[in-house]
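Hi,

Here is the structure I promised to pass on, with my notes underneath. Have a look at it first, then read on.

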Amino acid sequence: MSALLELDRLRVALPAREGPRAVLRDVSFGVAEGEAVGLVGASGSGKTMTARAIVRLLPPGAEVGGAIRFGGRSVLDMDREALLRYRAGDVAMVFQDPRTHINPVRRVGDFLCEALVLTQGMGRAAATAKVTRLLGETGVEEPERRLRQYPHELSGGQLQRVMIAAALACEPKLLIADEPTTALDVTTQSEVMAMLDEVRRARGLALLFITHDLDLAAAVCERTVVMREGAIVRERPVARGDLLQQPAQTAATPLSESSESSVLEVSGLCKAFRVRGEDGRRSDFLAVEDVSFAVPAGGSLAIVGESGSGKTTIARMIVGLQGPTAGTITLLGRPRSRPPRGASERRIRGREAQIVFQDNYSSLDPRQRVGDALGEALDLHFRPTPAERRRRVAELLDGVGLKQEHASALPRTLSGGERQRAALARALAVEPRLLVLDEAVSSLDVSTQAQILDLLAAIRAATGTAYVFISHDLAVVRRVSEEVLVLRQGRIVERGATQRILAAPSDPYTRLLLDSVPRPGWKPRRLATTSA
Amino acid sequence: MTPQPVRALLHAASRNRLTAACVVFLALVVLVAVFAPLLAPHSPTEVNLSSAYLGPTLEHPLGTDASGRDILSRVMWGARSSLLGPLGVIALALAFGVSIALAAAWFGGWVDTGISAVIDVLFSFPGLLLAIVAVAVFGVGLLAPALAIGIAYTPIMARIVRSSALRERELPYIAAASVLGLPARRIVWRHLLPGVWPLIVAQVTVMFGYATIDLAAISFLGLGQQPPSSDWGLMVAEGRPAILAGHSAQALYPGIALVLVVLCVMVLGRRLGDRADDWEGVAPRLSRGRRGP
């Protein structure tokens, strides 16, 4: 096999206030014709920058050194004409979030045909025929109908298949896929990866697969290259499967069904949303349907489900950000079915339950320093003296593994993991009896996820705060919860002890979720039970 | 309320000569307005018919008008009402527009529907006509037109702030503050308002420019400041007949002052608007809502 793509000591530096900042340091690797190579690394490791360098889409002002050769030609030395031909015909790219990479006001068919008509000189009819065939190949059902639809009418999985079809349209030799399934549910990820693998093998296409998930890369690639801090390293990073392999945590408190010791009791919870159907008529959509559960004092319950399963709606109802349509939520024996009356009731409810969100950037006021955010929470609930307040802020920072100097930091200067720790510290500042964690680790790197999960376990052991841990990822659940509730389309499909469910799921949907989590030796599969 | 707009402006000025020139010019105008009694070489109202229509001399650098008054002194004094009027307009539009917009965004539901309806109704009031009605009711001067134009600008401010505040309100940090148990008043003033502040500042500068022009137009029509005031709009109106007689200075200089002030304010407004994103370093927000790293 000859090398199709070759990176030779590629260096990239981006302009920064203090002078050029090196983001890629002597990156060298190759991709042979028809070979699949995985490029694995945490966020900020330079994997996306490498991909952008290969198609010469670097940010303005970037300084580039070293060489990139494609089929023997130097990519960095190409003139405008050659670069256009290279981008049009030789390489293609698929990105993480299909929704932001497709024009929302144009039909899918127009989007797909555009490149063929413009760069390959195809007629409209021939182009349509070709993209219809490609959509069939990438597993999009009813391709003719999809061509007439707009992007918002397609699901995330379907849209990513459309993007892959678009990438294949001009018959490239190399496909660069940058985290193509990260924005998708695990089951959809499995299906899309299986399809991508099949299509690639059938066409003899070379693939550069960029991901933060080592096991996922190992499942579809012949070889993996690991990056850290802009350079290629030999060591093996923390993999997602490692989280699954961890020994299950022993229950801190025995599970109990009795309501005597429950922190939280939810019974017959329903939430309906008004939606306007295709015919323009209004109807009620049940996001949560007859959900009942209880969390014992100091216990931890995980609610697992894919997007649209109603898990976030449940989280918001528990902390009072939304009201239930029917059913009751009882926290520490007090019902929460109506909004709080007056300032003192707001404060009391604040002491009962707190929440940490997925989006760590927007969870903190961008104008408020971390110490001030913690101080604001302390002032509201405890009215401490300035000295007490300083001491508590220091304790809280210490408790979530932040340094004292982080107190004066603005959220934007922190990393994602640090921001999530700060949000956690703010929630813990009021010493809540229940903490709702809504996908609180989902936007973090696998290794950061592991650290935060360990931290959560330690905090629960130390303070006895009960958790409702909401996640789409069964793999992380084992570390924090002794009981799991699997949710699908607003209904509970399975519940029980975490260990039992992970070892022997009884519901086919739970099994499907579990089988879709990449781990060593895992292969993506096309699944019969759901349609992506 | 926050030094950030000032810092952002100074930063922009250090990068761009045009911005710097605008900042310096406006600062000068404000200084002249404040210290007009000390700086003006002559009284703005002292009539001396024997020295009418003098050309530029050392004693009268911009010449004199039909009544022999020193034009430079009149332009300097005129800066006061020409700046004060628009400031009043802005204060009014800010106070009403921002409060109803924040109320609409915070409460949502029928409160938002009601406020939005009121905003739509206010939008149908043409500013100048409203000002003429106000003058008819309250009499000529600075107050009535400023009040009327302020009311006419309120819905513009309200609509812009509302849409931005609605977006900001949906962010998790507002939800987190609410779960924490913070009183609504504090969340709105300490978290929601600062979130839309950059936009308000940019909007205020643009409005200042428009308000200056609208008030000058009202003075020009004879409904605003009355003689012997040296309001710029009024000076242009009074100088108009003299232009035909070949004495253009009386209308020209206040006209130039008006154009320059409005131009500078507009330039700064656009700069602030362009740079609003820089204030909080909006870049990491682009990754909002992604699930993967």
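At what angle do α9(B) and helix α10 (residues 232-244) of chain B pack, and how far apart are their axes? One caveat before the answer: this is a predicted model. The angle is about 40°, and the axes are 7 Å apart. The cut-offs put anything under 35 degrees as roughly parallel and 65 to 115 as roughly perpendicular, so α9(B) and α10(B) come out as oblique to each other. Their crossing is right-handed.

If you want to pull up the residues involved, α9(B) brings Leu215(B), Ala216(B), Ala217(B), Ile218(B), Ser219(B) and Phe220(B). Facing them from α10(B) are Trp232(B), Gly233(B), Leu234(B), Val236(B) and Ala237(B). By class, that contact has 9 nonpolar and 2 polar residues, and no charged ones.

There is another helix pair to look at, this time in chain A. Helix α13 (residues 386-399) and helix α14 (residues 416-429) of chain A pack at about 130°, and their axes lie 9 Å apart. That makes α13(A) and α14(A) oblique to each other, too, and α13(A) passes α14(A) in a right-handed crossing. Here Leu396(A), Leu397(A) and Gly399(A) of α13(A) meet Ala425(A), Leu428(A) and Ala429(A) of α14(A). The split for this contact is 5 nonpolar, 1 polar and no charged.

Ala425(A) is worth a click. Not counting neighbours within four places in sequence, Ala425(A) is in contact with Leu374(A), Leu396(A), Leu397(A), Gly399(A), Val400(A) and Leu402(A). Ala425(A) also turns up among the residues with the most contacts inside the largest nonpolar core, along with Leu264(A), Ile318(A), Leu434(A), Val436(A) and Val468(A). That core has 153 residues. And which element gives the most to this core? Helix α4 (residues 71-107) of chain B does, with 17 residues. Separate from this is a second core of 73 residues, which includes Ala36(A), Leu112(A), Ala177(A) and Leu184(A).

Now chain B as a whole. Chain B has 11 helices and 0 strands. Its C-alpha trace spans about 80 × 45 × 30 Å along the principal axes. Of its 293 residues, 45% count as buried. If you take the contacts in chain B between residues at least 6 apart in sequence, 67% of them join residues at least 24 apart.

On to where the chains meet. 24 residues of chain B are in contact with 35 residues of chain A. On the chain B side, α8 (172-180) and α9 (184-220) each supply at least two residues, and the largest share, 7 residues, comes from α8(B). By class, this side of chain B has 12 nonpolar, 7 polar and 5 charged residues.

Leu321(A) gives you a view of that contact from chain A. Leu321(A) sits in the loop between α10 (311-318) and β14 (326-331) of chain A. Neighbours within four places aside, Leu321(A) is in contact with Arg316(A) and, across in chain B, with Ala175(B), Ser178(B) and Val179(B). Is Leu321(A) buried or partly exposed? Being buried takes 20 or more other C-beta atoms within 10 Å; Leu321(A) has 17, so it is partly exposed. For a sense of scale, the C-alpha atoms of Leu321(A) and Phe70(A) are separated by 54 Å, with the two positions 251 residues apart along the chain.

Last, a stretch earlier in chain A. Helix α1 (residues 47-54) of chain A is mostly covered, with 6 of its 8 residues buried: Lys47(A), Met49(A), Thr50(A), Ala51(A), Ala53(A) and Ile54(A). After α1(A) comes Arg56(A), which has a positive phi, near 55°. Arg56(A) also links to Leu83(A), a residue of helix α2 (residues 80-90) of chain A: leaving out neighbours within four places, Leu83(A) is in contact with Arg56(A) and Met78(A). The C-alpha atoms of Leu83(A) and Arg56(A) are 8.5 Å apart, although the two residues are 27 apart along the chain. Leu83(A) has 15 C-beta neighbours inside 10 Å and counts as partly exposed.

Cheers

Note on methods. Residues are numbered from 1 along each chain as its sequence is written. Chains are lettered from A and ligands numbered from 1 in the order in which they are written. This is a predicted model: local features need pLDDT of at least 70, side-chain atom pairs count only at pLDDT 80 or more; totals for chains, interfaces and linings use all residues. A nonpolar core is a set of buried Ala, Val, Leu, Ile, Met, Phe, Trp, Tyr and Cys residues joined through C-beta atoms within 7 Å. A residue is buried if 20 or more other C-beta atoms lie within 10 Å of its own, exposed if 12 or fewer, and partly exposed in between; C-beta atoms are placed from the backbone. Helices (H or I, at least four residues) and strands (E, at least two) are DSSP runs, numbered from the N terminus. Two residues are in contact if their C-beta atoms, placed from the backbone, lie within 7 Å. Ala, Val, Leu, Ile, Met, Phe, Trp, Tyr, Cys and Pro count as nonpolar, Asp, Glu, Lys and Arg as charged, and the others, Gly among them, as polar. Axes are lines fitted to C-alpha atoms, for helices over the stretch in contact, and angles run from 0 to 180 degrees between N-to-C directions. Angles under 35 degrees count as roughly parallel, over 145 as roughly antiparallel, 65 to 115 as roughly perpendicular and the rest as oblique. A crossing is left-handed if the near helix is turned anticlockwise from the far one by less than a right angle, and right-handed if clockwise.
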